[in-house]
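Hello,

Here is the structure I promised to pass on to you. Have a look at it first, and then read my notes below.

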Amino acid sequence: MEVVGSTKIPAVSELVSKAKAAFVDKFGCEPQCAAYGPGRVNLIGEHTDYNEGFVFPMALPQVTVVVGKKSEGNVCRVLTLAESVDEPKYVEFPVPSAETPLKPGSPKWANYVKGVVANYIGSVVPFDAVVVSSVPLGGGVSSSASLEVATYTFLDALTNGGADVSKKDKALACQKAEHEYAGMPCGIMDQFISVMGQEGHALLIDCRSMEGKLVPMNDPNVVVLVTNSNVKHELTGSEYPTRKKQCEVAAKVMGKKSLREASMKDLEEFKEKLDDVMYRRARHVIGEIIRTEEAAKCLEQGDYTRFGKLMVESHNALRDDYEVSCPELDELVVAAMEAEGVFGSRMTGGGFGGCTVTLLKKEAVEKAIQHIQKRYSQTATFYVCPPAAGAAPLSLS
Ligand code: ADP
Ligand code: MG
(Lines give C-alpha, C1' and ligand atoms only; values in the text may rest on other atoms or scores of the structure.)
(Ligands and ions follow the chains in the order given, each with its own letter.)
Protein backbone atom coordinates (compact mmCIF):
# COMPACT_ATOMS: atom_id res chain seq x y z
CA MET A 1 0.00 0.00 0.00
CA GLU A 2 1.45 3.36 -1.04
CA VAL A 3 0.64 5.98 1.56
CA VAL A 4 1.73 9.58 1.10
CA GLY A 5 3.99 10.63 3.97
CA SER A 6 4.93 7.09 4.96
CA THR A 7 8.29 5.43 4.34
CA LYS A 8 8.32 2.56 1.89
CA ILE A 9 9.38 -0.71 3.50
CA PRO A 10 11.79 -2.60 1.21
CA ALA A 11 10.76 -6.10 0.11
CA VAL A 12 12.74 -8.98 1.62
CA SER A 13 14.02 -9.79 -1.89
CA GLU A 14 15.54 -6.30 -2.13
CA LEU A 15 17.42 -6.84 1.11
CA VAL A 16 18.62 -10.24 -0.09
CA SER A 17 19.99 -8.70 -3.32
CA LYS A 18 21.82 -6.05 -1.35
CA ALA A 19 23.30 -8.61 1.04
CA LYS A 20 24.27 -10.93 -1.83
CA ALA A 21 26.15 -8.17 -3.64
CA ALA A 22 27.98 -7.21 -0.44
CA PHE A 23 28.84 -10.85 0.20
CA VAL A 24 30.36 -11.31 -3.26
CA ASP A 25 32.30 -8.09 -2.78
CA LYS A 26 33.64 -9.07 0.65
CA PHE A 27 34.21 -12.82 0.32
CA GLY A 28 34.72 -13.22 -3.42
CA CYS A 29 32.10 -15.94 -3.93
CA GLU A 30 28.31 -16.40 -3.97
CA PRO A 31 26.41 -17.02 -0.72
CA GLN A 32 24.58 -20.35 -0.48
CA CYS A 33 22.11 -19.85 2.37
CA ALA A 34 19.88 -17.08 3.63
CA ALA A 35 17.30 -16.47 6.32
CA TYR A 36 15.39 -13.60 7.86
CA GLY A 37 13.83 -12.66 11.19
CA PRO A 38 11.28 -9.85 11.54
CA GLY A 39 11.15 -6.93 13.96
CA ARG A 40 7.95 -6.54 15.92
CA VAL A 41 5.56 -3.94 17.19
CA ASN A 42 3.85 -4.52 20.48
CA LEU A 43 0.18 -3.48 20.22
CA ILE A 44 -0.32 -3.58 24.00
CA GLY A 45 1.20 -5.29 27.05
CA GLU A 46 4.35 -3.27 27.80
CA HIS A 47 6.84 -4.26 30.50
CA THR A 48 4.64 -7.24 31.32
CA ASP A 49 6.67 -10.07 29.77
CA TYR A 50 9.27 -10.21 32.55
CA ASN A 51 6.37 -10.20 35.02
CA GLU A 52 4.92 -13.40 33.51
CA GLY A 53 2.00 -11.40 32.10
CA PHE A 54 0.40 -11.09 28.67
CA VAL A 55 1.87 -9.29 25.67
CA PHE A 56 0.22 -8.71 22.30
CA PRO A 57 2.75 -8.07 19.52
CA MET A 58 2.70 -8.63 15.76
CA ALA A 59 5.66 -9.32 13.48
CA LEU A 60 6.64 -6.44 11.18
CA PRO A 61 7.41 -6.41 7.46
CA GLN A 62 10.73 -4.82 8.47
CA VAL A 63 13.24 -7.66 8.79
CA THR A 64 16.88 -8.58 9.29
CA VAL A 65 18.37 -10.80 6.58
CA VAL A 66 21.51 -12.94 6.95
CA VAL A 67 23.13 -14.46 3.85
CA GLY A 68 26.26 -16.59 3.77
CA LYS A 69 27.92 -19.93 3.29
CA LYS A 70 29.94 -22.58 5.09
CA SER A 71 33.66 -21.86 5.19
CA GLU A 72 36.86 -23.79 5.78
CA GLY A 73 38.82 -23.79 9.04
CA ASN A 74 37.16 -22.87 12.31
CA VAL A 75 36.49 -19.16 11.98
CA CYS A 76 33.17 -17.32 11.56
CA ARG A 77 33.36 -14.05 9.66
CA VAL A 78 30.48 -11.57 9.74
CA LEU A 79 29.94 -8.18 8.11
CA THR A 80 26.97 -5.95 8.91
CA LEU A 81 25.74 -3.28 6.53
CA ALA A 82 23.93 -1.42 9.33
CA GLU A 83 24.96 2.23 9.45
CA SER A 84 24.48 3.14 13.09
CA VAL A 85 26.48 0.44 14.87
CA ASP A 86 29.80 0.57 16.66
CA GLU A 87 32.96 -0.09 14.61
CA PRO A 88 34.34 -2.29 13.19
CA LYS A 89 31.46 -3.60 11.08
CA TYR A 90 33.39 -6.74 10.20
CA VAL A 91 34.31 -9.33 12.82
CA GLU A 92 35.95 -12.73 13.01
CA PHE A 93 35.50 -15.17 15.88
CA PRO A 94 36.18 -18.89 16.35
CA VAL A 95 33.56 -21.61 16.18
CA PRO A 96 33.05 -22.16 19.92
CA SER A 97 34.72 -25.20 21.46
CA ALA A 98 36.20 -26.20 24.82
CA GLU A 99 39.53 -24.64 23.74
CA THR A 100 38.02 -21.56 22.13
CA PRO A 101 34.88 -20.59 24.08
CA LEU A 102 33.09 -17.44 22.93
CA LYS A 103 32.67 -14.42 25.11
CA PRO A 104 31.03 -11.04 24.59
CA GLY A 105 33.26 -8.10 23.72
CA SER A 106 33.73 -5.35 21.18
CA PRO A 107 32.13 -4.39 18.81
CA LYS A 108 28.87 -4.59 20.72
CA TRP A 109 26.66 -5.35 17.73
CA ALA A 110 28.50 -8.63 17.11
CA ASN A 111 27.56 -9.87 20.59
CA TYR A 112 24.02 -10.58 19.35
CA VAL A 113 25.45 -12.84 16.63
CA LYS A 114 28.04 -14.47 18.89
CA GLY A 115 25.44 -15.05 21.60
CA VAL A 116 23.25 -16.97 19.17
CA VAL A 117 26.20 -18.98 17.86
CA ALA A 118 27.12 -19.84 21.46
CA ASN A 119 23.55 -20.84 22.37
CA TYR A 120 22.63 -22.59 19.11
CA ILE A 121 21.06 -25.99 19.72
CA GLY A 122 23.08 -28.25 17.44
CA SER A 123 26.60 -28.02 16.09
CA VAL A 124 27.74 -24.80 14.50
CA VAL A 125 29.79 -25.01 11.32
CA PRO A 126 32.23 -22.23 10.39
CA PHE A 127 30.61 -19.64 8.13
CA ASP A 128 30.97 -16.32 6.34
CA ALA A 129 27.93 -14.02 6.49
CA VAL A 130 26.54 -10.60 5.67
CA VAL A 131 23.76 -8.97 7.71
CA VAL A 132 21.37 -6.37 6.35
CA SER A 133 18.25 -4.98 7.99
CA SER A 134 15.25 -2.74 7.40
CA VAL A 135 14.35 -2.68 11.11
CA PRO A 136 15.22 0.67 12.68
CA LEU A 137 18.00 0.06 15.22
CA GLY A 138 17.30 0.92 18.84
CA GLY A 139 13.81 2.19 17.97
CA GLY A 140 11.75 -0.08 20.21
CA VAL A 141 10.68 -2.42 17.41
CA SER A 142 13.27 -5.04 18.27
CA SER A 143 16.07 -4.97 15.77
CA SER A 144 18.02 -6.97 18.37
CA ALA A 145 15.65 -9.96 18.41
CA SER A 146 15.29 -9.80 14.63
CA LEU A 147 19.09 -10.10 14.34
CA GLU A 148 19.22 -12.97 16.85
CA VAL A 149 16.37 -14.90 15.26
CA ALA A 150 17.66 -14.27 11.72
CA THR A 151 21.07 -15.56 12.82
CA TYR A 152 19.54 -18.66 14.43
CA THR A 153 17.48 -19.40 11.33
CA PHE A 154 20.54 -18.85 9.14
CA LEU A 155 22.52 -21.38 11.23
CA ASP A 156 19.66 -23.83 10.70
CA ALA A 157 19.79 -23.18 6.95
CA LEU A 158 23.55 -23.83 6.89
CA THR A 159 22.97 -27.33 8.27
CA ASN A 160 19.96 -28.32 6.15
CA GLY A 161 17.29 -27.13 8.55
CA GLY A 162 19.22 -27.81 11.72
CA ALA A 163 18.26 -30.08 14.59
CA ASP A 164 14.63 -30.87 15.38
CA VAL A 165 14.07 -28.00 17.81
CA SER A 166 10.72 -26.43 18.76
CA LYS A 167 10.02 -22.79 17.96
CA LYS A 168 9.81 -22.12 21.67
CA ASP A 169 13.31 -23.50 22.29
CA LYS A 170 14.72 -21.44 19.40
CA ALA A 171 13.20 -18.30 20.88
CA LEU A 172 14.54 -19.17 24.34
CA ALA A 173 18.05 -19.74 22.92
CA CYS A 174 17.91 -16.29 21.31
CA GLN A 175 16.66 -14.72 24.56
CA LYS A 176 19.58 -16.36 26.39
CA ALA A 177 21.93 -14.85 23.80
CA GLU A 178 20.59 -11.39 24.62
CA HIS A 179 20.88 -11.98 28.38
CA GLU A 180 24.39 -13.39 28.32
CA TYR A 181 26.01 -11.58 25.42
CA ALA A 182 24.23 -8.20 25.31
CA GLY A 183 23.72 -7.97 29.07
CA MET A 184 20.03 -7.17 28.58
CA PRO A 185 17.72 -9.06 31.00
CA CYS A 186 14.82 -9.00 28.53
CA GLY A 187 11.59 -11.02 28.71
CA ILE A 188 10.50 -13.48 26.05
CA MET A 189 8.28 -11.28 23.88
CA ASP A 190 10.66 -10.11 21.18
CA GLN A 191 12.20 -13.47 20.33
CA PHE A 192 8.87 -15.30 20.54
CA ILE A 193 7.06 -13.07 18.07
CA SER A 194 10.04 -12.94 15.71
CA VAL A 195 10.02 -16.75 15.59
CA MET A 196 6.24 -17.34 15.72
CA GLY A 197 4.59 -14.39 13.97
CA GLN A 198 2.12 -15.10 11.17
CA GLU A 199 0.98 -12.94 8.32
CA GLY A 200 -2.35 -11.23 9.06
CA HIS A 201 -2.20 -12.08 12.77
CA ALA A 202 -1.18 -10.64 16.10
CA LEU A 203 0.00 -13.05 18.80
CA LEU A 204 -1.30 -13.01 22.37
CA ILE A 205 1.56 -14.49 24.39
CA ASP A 206 1.06 -15.74 27.91
CA CYS A 207 4.54 -15.24 29.32
CA ARG A 208 3.80 -17.54 32.29
CA SER A 209 2.79 -20.65 30.35
CA MET A 210 4.82 -19.47 27.32
CA GLU A 211 1.92 -20.24 25.05
CA GLY A 212 0.84 -18.09 22.15
CA LYS A 213 -2.59 -17.57 20.63
CA LEU A 214 -2.83 -16.16 17.12
CA VAL A 215 -5.54 -13.55 16.65
CA PRO A 216 -6.51 -12.57 13.08
CA MET A 217 -5.76 -8.95 12.27
CA ASN A 218 -6.68 -8.58 8.66
CA ASP A 219 -9.55 -6.07 8.47
CA PRO A 220 -8.90 -4.22 5.19
CA ASN A 221 -10.33 -1.01 6.68
CA VAL A 222 -7.96 -0.80 9.65
CA VAL A 223 -4.20 -0.21 9.70
CA VAL A 224 -1.33 -0.16 12.16
CA LEU A 225 0.84 2.94 11.91
CA VAL A 226 4.30 2.80 13.48
CA THR A 227 5.74 6.27 14.10
CA ASN A 228 9.42 6.59 14.94
CA SER A 229 10.07 9.62 17.15
CA ASN A 230 13.70 9.42 16.00
CA VAL A 231 14.85 10.25 19.50
CA LYS A 232 16.59 7.97 21.96
CA HIS A 233 17.29 9.10 25.51
CA GLU A 234 20.32 7.32 26.86
CA LEU A 235 18.63 6.20 30.06
CA THR A 236 17.54 2.88 28.66
CA GLY A 237 20.54 0.82 29.74
CA SER A 238 20.06 1.15 33.48
CA GLU A 239 16.34 1.90 33.65
CA TYR A 240 15.19 -1.47 32.33
CA PRO A 241 16.92 -3.64 34.96
CA THR A 242 15.82 -1.15 37.63
CA ARG A 243 12.15 -1.54 36.63
CA LYS A 244 12.53 -5.30 36.54
CA LYS A 245 13.99 -5.32 40.06
CA GLN A 246 11.24 -3.01 41.40
CA CYS A 247 8.60 -5.40 40.07
CA GLU A 248 10.30 -8.40 41.68
CA VAL A 249 10.46 -6.62 45.02
CA ALA A 250 6.81 -5.51 44.80
CA ALA A 251 5.73 -9.09 44.05
CA LYS A 252 7.80 -10.39 46.96
CA VAL A 253 6.30 -7.88 49.38
CA MET A 254 2.85 -9.14 48.36
CA GLY A 255 3.98 -12.76 48.79
CA LYS A 256 3.60 -13.52 45.07
CA LYS A 257 5.89 -15.35 42.70
CA SER A 258 5.42 -12.60 40.11
CA LEU A 259 3.12 -9.63 39.51
CA ARG A 260 1.06 -11.91 37.27
CA GLU A 261 -0.25 -13.54 40.45
CA ALA A 262 -1.27 -10.22 42.02
CA SER A 263 -4.64 -8.48 41.66
CA MET A 264 -5.58 -4.82 42.13
CA LYS A 265 -7.15 -5.91 45.39
CA ASP A 266 -3.86 -7.38 46.59
CA LEU A 267 -2.14 -4.16 45.61
CA GLU A 268 -4.53 -2.04 47.69
CA GLU A 269 -4.14 -4.41 50.64
CA PHE A 270 -0.38 -4.02 50.57
CA LYS A 271 -0.33 -0.31 49.75
CA GLU A 272 1.09 0.66 53.14
CA LYS A 273 3.93 -1.84 52.78
CA LEU A 274 5.04 -0.58 49.35
CA ASP A 275 6.71 2.77 48.80
CA ASP A 276 5.01 5.09 46.33
CA VAL A 277 7.30 4.26 43.42
CA MET A 278 6.95 0.51 43.84
CA TYR A 279 3.21 0.84 44.25
CA ARG A 280 2.90 2.73 40.96
CA ARG A 281 5.21 0.34 39.10
CA ALA A 282 3.07 -2.58 40.24
CA ARG A 283 -0.15 -0.72 39.42
CA HIS A 284 1.00 -0.31 35.82
CA VAL A 285 1.94 -3.96 35.44
CA ILE A 286 -1.18 -5.42 37.06
CA GLY A 287 -3.43 -3.06 35.09
CA GLU A 288 -1.55 -3.67 31.85
CA ILE A 289 -1.92 -7.45 32.13
CA ILE A 290 -5.70 -7.02 32.49
CA ARG A 291 -5.82 -4.52 29.60
CA THR A 292 -3.84 -6.81 27.31
CA GLU A 293 -6.08 -9.82 27.78
CA GLU A 294 -9.11 -7.64 27.18
CA ALA A 295 -7.56 -6.02 24.11
CA ALA A 296 -7.05 -9.41 22.45
CA LYS A 297 -10.76 -10.14 22.95
CA CYS A 298 -11.68 -6.73 21.51
CA LEU A 299 -9.64 -7.47 18.40
CA GLU A 300 -11.40 -10.81 17.96
CA GLN A 301 -14.73 -9.01 18.17
CA GLY A 302 -13.67 -6.14 15.92
CA ASP A 303 -14.21 -3.67 18.77
CA TYR A 304 -11.51 -1.21 17.72
CA THR A 305 -12.98 1.63 19.74
CA ARG A 306 -12.46 -0.22 23.01
CA PHE A 307 -9.09 -1.53 21.82
CA GLY A 308 -7.99 2.04 21.16
CA LYS A 309 -9.12 3.20 24.61
CA LEU A 310 -7.05 0.43 26.18
CA MET A 311 -4.01 1.57 24.16
CA VAL A 312 -4.35 5.10 25.50
CA GLU A 313 -4.79 3.82 29.08
CA SER A 314 -1.65 1.76 28.56
CA HIS A 315 0.27 4.82 27.38
CA ASN A 316 -0.89 6.93 30.30
CA ALA A 317 0.12 4.26 32.82
CA LEU A 318 3.54 3.90 31.15
CA ARG A 319 3.93 7.69 31.32
CA ASP A 320 2.67 8.31 34.87
CA ASP A 321 3.11 5.08 36.85
CA TYR A 322 5.93 3.26 35.10
CA GLU A 323 7.69 6.48 34.00
CA VAL A 324 9.25 5.13 30.82
CA SER A 325 7.78 7.58 28.29
CA CYS A 326 9.35 10.88 27.26
CA PRO A 327 8.03 14.24 25.98
CA GLU A 328 8.48 13.25 22.33
CA LEU A 329 6.46 10.03 22.66
CA ASP A 330 3.78 11.89 24.64
CA GLU A 331 3.59 14.53 21.90
CA LEU A 332 3.18 11.87 19.20
CA VAL A 333 0.37 10.14 21.11
CA VAL A 334 -1.49 13.39 21.79
CA ALA A 335 -1.15 14.40 18.14
CA ALA A 336 -2.35 10.99 16.91
CA MET A 337 -5.39 11.11 19.17
CA GLU A 338 -6.37 14.50 17.73
CA ALA A 339 -6.50 13.10 14.21
CA GLU A 340 -9.71 11.82 12.72
CA GLY A 341 -10.26 8.07 12.41
CA VAL A 342 -7.72 7.15 15.10
CA PHE A 343 -8.83 4.47 17.58
CA GLY A 344 -5.81 4.53 19.85
CA SER A 345 -2.11 5.26 20.16
CA ARG A 346 0.66 4.49 22.62
CA MET A 347 4.40 4.23 23.04
CA THR A 348 5.71 0.78 22.16
CA GLY A 349 8.84 -1.08 23.28
CA GLY A 350 10.98 -0.28 26.29
CA GLY A 351 10.42 3.49 26.15
CA PHE A 352 12.52 6.69 26.55
CA GLY A 353 12.22 7.24 22.80
CA GLY A 354 11.72 4.98 19.83
CA CYS A 355 8.30 4.38 18.33
CA THR A 356 4.60 4.78 18.96
CA VAL A 357 1.96 2.43 17.59
CA THR A 358 -1.38 3.77 16.37
CA LEU A 359 -4.49 1.87 15.32
CA LEU A 360 -6.64 3.76 12.84
CA LYS A 361 -9.01 3.63 9.89
CA LYS A 362 -7.23 3.01 6.63
CA GLU A 363 -9.04 5.88 4.92
CA ALA A 364 -7.73 8.27 7.61
CA VAL A 365 -4.05 7.39 7.51
CA GLU A 366 -2.66 10.04 5.14
CA LYS A 367 -4.34 12.89 6.98
CA ALA A 368 -3.31 11.45 10.34
CA ILE A 369 0.34 11.33 9.25
CA GLN A 370 0.12 14.93 8.06
CA HIS A 371 -1.43 16.03 11.33
CA ILE A 372 1.03 14.17 13.56
CA GLN A 373 4.02 15.58 11.69
CA LYS A 374 2.58 19.09 11.83
CA ARG A 375 2.18 18.88 15.61
CA TYR A 376 5.44 17.06 16.39
CA SER A 377 8.38 19.23 17.43
CA GLN A 378 10.92 16.91 15.74
CA THR A 379 10.93 14.93 12.50
CA ALA A 380 9.12 11.60 12.69
CA THR A 381 9.25 8.62 10.33
CA PHE A 382 6.00 6.81 9.53
CA TYR A 383 5.48 3.18 8.54
CA VAL A 384 2.17 1.55 7.64
CA CYS A 385 2.67 -2.03 8.79
CA PRO A 386 0.55 -5.06 7.95
CA PRO A 387 1.15 -7.98 10.38
CA ALA A 388 3.88 -10.10 8.80
CA ALA A 389 5.27 -13.63 9.09
CA GLY A 390 7.88 -14.94 11.52
CA ALA A 391 11.41 -16.05 10.69
CA ALA A 392 12.10 -18.39 7.78
CA PRO A 393 14.90 -19.58 5.51
CA LEU A 394 15.09 -17.87 2.10
CA SER A 395 15.88 -19.24 -1.31
CA LEU A 396 18.79 -17.59 -3.10
CA SER A 397 18.02 -18.77 -6.62
P1 ADP B 1 15.87 -2.52 19.54
O2 ADP B 1 15.90 -3.99 19.73
O3 ADP B 1 14.66 -1.88 20.11
O4 ADP B 1 16.09 -2.10 18.13
P5 ADP B 1 18.25 -2.72 21.15
O6 ADP B 1 19.07 -1.72 21.87
O7 ADP B 1 17.69 -3.85 21.91
O8 ADP B 1 17.10 -1.92 20.38
O9 ADP B 1 19.11 -3.36 19.97
C10 ADP B 1 19.81 -2.52 19.08
C11 ADP B 1 21.21 -3.06 18.87
O12 ADP B 1 21.15 -4.33 18.19
C13 ADP B 1 22.05 -2.19 17.96
O14 ADP B 1 22.66 -1.13 18.68
C15 ADP B 1 23.08 -3.18 17.44
O16 ADP B 1 24.09 -3.41 18.40
C17 ADP B 1 22.26 -4.46 17.33
N18 ADP B 1 21.73 -4.63 15.96
C19 ADP B 1 20.46 -4.66 15.57
N20 ADP B 1 20.33 -4.84 14.24
C21 ADP B 1 21.59 -4.94 13.74
C22 ADP B 1 22.18 -5.13 12.46
N23 ADP B 1 21.42 -5.25 11.36
N24 ADP B 1 23.52 -5.18 12.37
C25 ADP B 1 24.28 -5.08 13.46
N26 ADP B 1 23.81 -4.90 14.69
C27 ADP B 1 22.49 -4.82 14.85
MG1 MG C 1 15.99 -4.99 21.60
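**What I found: strands and cores**

Let me begin with one pair of residues: Gly344 stands opposite Leu359 in strand S10. Please keep in mind as you read that this is a predicted model.

That pair belongs to two neighbouring strands. Strand S9 (residues 342-347) and S10 (residues 353-361) pair in the antiparallel sense, and five bridges hold the pairing. Five residues lie between the strands in this hairpin, and Gly349 has a positive phi near 90° there.

S10 has another partner too. Strand S8 (residues 222-232) runs antiparallel to S10, with eight bridges joining them. If you would like a spot to look for, Lys232 has Gly353 of S10 as its bridge partner. Is S10 mostly covered or uncovered? S10 is mostly covered, with eight of its nine residues buried.

Now move to strand S6 (residues 201-206). Five of its six residues are buried, so S6 is largely enclosed by the rest of the structure. Two strands pair with S6 in the antiparallel sense. One is strand S2 (residues 54-70), joined to S6 by two bridges; here Phe54 is partnered with Asp206. The other is strand S7 (residues 211-216), with six bridges to S6; among the partners are Ala202 and, in S7, Val215. The hairpin of S6 and S7 has four residues between the strands, and Met210 takes a positive phi near 60° in this hairpin.

Next, the nonpolar cores. Which residues touch the most other members of the largest one? They are Leu43, Phe56, Met58, Val224, Val226, Phe307 and Leu359, out of 55 residues in that core. You have already met Leu359, the residue opposite Gly344. Helix H8 (residues 276-301) gives this core its largest share, ten residues. There is also a second, separate core of 46 residues, which includes Ala59, Val66, Trp109 and Ile193.

Val226 is a good residue to click on. Apart from neighbours within four places in sequence, Val226 is in contact with Val41, Leu60, Val141, Cys355, Thr356, Thr381, Phe382, Tyr383 and Cys385.

A nice way to start would be to find Gly344 and Leu359 on screen, then follow S10 across to S8, its antiparallel partner.

Enjoy exploring, and best wishes!

Notes
Residues numbered from 1 in each chain as written. Chains lettered and ligands numbered in written order. Predicted model: local features only at pLDDT ≥ 70, side-chain atom pairs only at ≥ 80, totals over all residues. Heavy atoms only, no water. Buried < 20%, exposed > 50% of the residue type's maximum accessible area, 1.4 Å probe, protein only. Pairing = 2+ DSSP bridges. Core = buried A, V, L, I, M, F, W, Y, C linked by side-chain atoms within 4.5 Å. Contact = heavy atoms within 4.5 Å.
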